[in-house]
Amino acid sequence: MIQLINLSKSFATKKVLHDINLELETGKVYGIVGENGAGKTTLFRCIAGLEIHDGEVTSDFPLLKNHLGFLETNPYIFTRITGVEYLQLFAQARKISSINFHERNIFDLPLDEYASNYSTGMKKKLALLAILLQSNDVYILDEPFSGVDIQSNIIITEIILKLKELGKTVIISSHIFSTLQDTCDEIHLLQEGQFTKKVLPEEYSLLESEMKTITIGNQIERLCLS
Amino acid sequence: MKYYFRLQFSRIKRQIEHLGFPPYIGMVLSIIGFFALSHLLFYKISLAIYIYPLLAIYTLLQFSEKDRNRFIGLCYDKKTYRHIRVIENSLLIFPFLVYLSFRCEFLLAGLIFLFSFVYAFFPPISFSTFAIKTPFYKYPYEFLRGFRISYPIFIGLAILAIIGIVVHNFNLAAFTILIATVSCMSFYSEVESPYFIWIHKHDSKAFLLYKIKTSIIYISIILLPLIILLAFFFIDKLILLFLFCAIAYLYLITNIVAKYAIYPKQVNLPMAIILAIGYLFPPVLLLYIPYFFKKSIVQLDKILT
């Protein structure tokens, strides 16, 4: 289990996260939704230990980061590194040896080419593959579906379900509501750095229409399209 | 087009400021440094006249990266793009031309200028599509990508070492060890995102030792063939060669621990001065290394524990 206790984060005078409290149970999939700038990525970085924050993040692991795979929204890929070398970097970082990367390349990525030349979606798939091959216990996937083709979306959804089956904890953020509906045990709505709602599967359709109303409102009219 | 060059000038000023220099003083120091190094090269090495044009061409190629030029091409029409490329290339090689003119090497200066002019009209050579095989696969990433970026330098150094042997010029051959070491040190110049440190399971001490061990193994792969070759032809300089090798290791280790001692900042002016003193008097590095090592652990603990 992972517990977030009064987790807060400020950048200079701007408070981005306000006293977040959340319990993440082992073997469950959690969805975090919210507008751009709501604080989703900052929350993920705090859980991962990549940001200094107030409050606590506790877990059953002596050091959570050593059991955590974090997929960033826009994974950074070094220039002049091939796909297979990127995977080797991640494996080596966890002291994992002898993985046949080509055999486990489920996304059919051109692993012997420079990864910096990959498309946005391919980079995301490579980064996802890298953390999956580390065999982590907890996964934070920040927008795993964005920029990825429809076939890969299906594969990623299945991967998340498989991780759940294996008793892994998964935290996802996504703007594609249907993918969250298919995978999450509960969804939390993050607004201006605070959790304002916890939604269970039976209420997902309600949340979707509610979010649509909040998000769209009369914004389209303001464009004065003609 | 004027805006483009104003923007580039602002970028250069910001870069110099970032290094801890007032921009205009930094520019003056860079110019003095360039001419001092050029003079040193010609003073120390008899075959510098062959090395210098290669350095000029290498500088040109470094600034002709495919994606960068494609971006400029997208922003401007074809005619303006050509103008920008010609002006950029001319500005880049201008210091080389000035120094060659100072040495009355007008023909060579003219040839380099001609090359830079013609090169602006050709699509940039892409070094980024074909993944060159390297012996550095097992422990990515610094030597892997660094070698791929700098491999023309290593080819040039191998040629220079052979010339040094043929003309029995030990200074020239030894110069290749120095440049190879400096090139390897440059592999660590980029400050990586904390994410790429965070992914490691090691604690801070183990992480640093892992980085140092990898660097020593990999620089040995680059330097040892050179040193063995030189040892064979300059047997009387054997001790000196091993001393160079030891200094290369010291330089590289200092470079790594100094980088993480101030992580995530880049090396600034005070640090650069401290390091320069150490590089000029290598025994001092034996004091630097444990000091920077401890400071690195403090910085890395923020990410790794």
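This is a short tour of a predicted model, moving from chain B to its contact with chain A and then into chain A.

**Chain B as a whole**

Begin by selecting chain B and colouring it by secondary structure, where you should find 13 helices and 0 strands, so that the chain reads as one α after another along its sequence. Turn the C-alpha trace to look along its principal axes, over which chain B spans about 55 × 50 × 40 Å. A compact globule of 305 residues would have a radius of gyration near 19 Å, and the 21 Å of chain B agrees with that expectation. Buried residues account for 26% of the 305 residues in chain B. If you then display contacts between residues at least 6 apart in the sequence of chain B, 71% of them join residues at least 24 apart.

**Where chain B meets chain A**

Next, show both chains and select the residues that link them: 18 residues of chain B are in contact with 23 residues of chain A. On the chain B side, α7 (142–166) and α9 (195–198) each supply at least two residues, and α7(B) gives the most, with 4 residues. Colouring this side of chain B by residue class will show 11 nonpolar, 4 polar and 3 charged residues.

**Helix α3 of chain A**

Now select residues 120–132 of chain A, which form helix α3; at 1.5 Å a residue its 13 residues should span 18 Å, and the end C-alpha atoms, 19 Å apart, agree with this. Because 10 of these 13 residues are buried, α3(A) is largely enclosed by the rest of the structure. The buried set includes A:Met122, A:Leu126, A:Leu129 and A:Ile131, and also the lysines A:Lys123, A:Lys124 and A:Lys125. To see what surrounds them, add β5 (68–71), α2 (83–93), β6 (138–142) and α4 (150–165) of chain A, against which the buried residues of α3(A) pack.

**Strands β1, β2 and β4 of chain A**

Finally, select residues 2–11 and 14–24 of chain A, the strands β1 and β2, which run antiparallel and are joined by 7 bridges. Within this pair, A:Leu7 stands opposite A:Ile20 of β2(A). The two strands form a hairpin with 2 residues between them, and A:Ala12 in the turn has a positive phi of about 55°.

Which strand, joined to β1(A) by 5 bridges, should be added next? Select β4 (residues 54–59) of chain A, which runs antiparallel to β1(A), and look for A:Ser59, the bridge partner of A:Ile2.

Terms used. Residues numbered from 1 in each chain as written. Chains lettered and ligands numbered in written order. Predicted model: local features only at pLDDT ≥ 70, side-chain atom pairs only at ≥ 80, totals over all residues. Contact = placed C-beta atoms within 7 Å. Nonpolar A, V, L, I, M, F, W, Y, C, P; charged D, E, K, R; others polar. Rg over C-alpha atoms; globule rule 2.2 N^0.38 Å. Buried ≥ 20, exposed ≤ 12 C-beta atoms within 10 Å, placed from the backbone. Expected span 1.5 Å × (residues − 1). Pairing = 2+ DSSP bridges.
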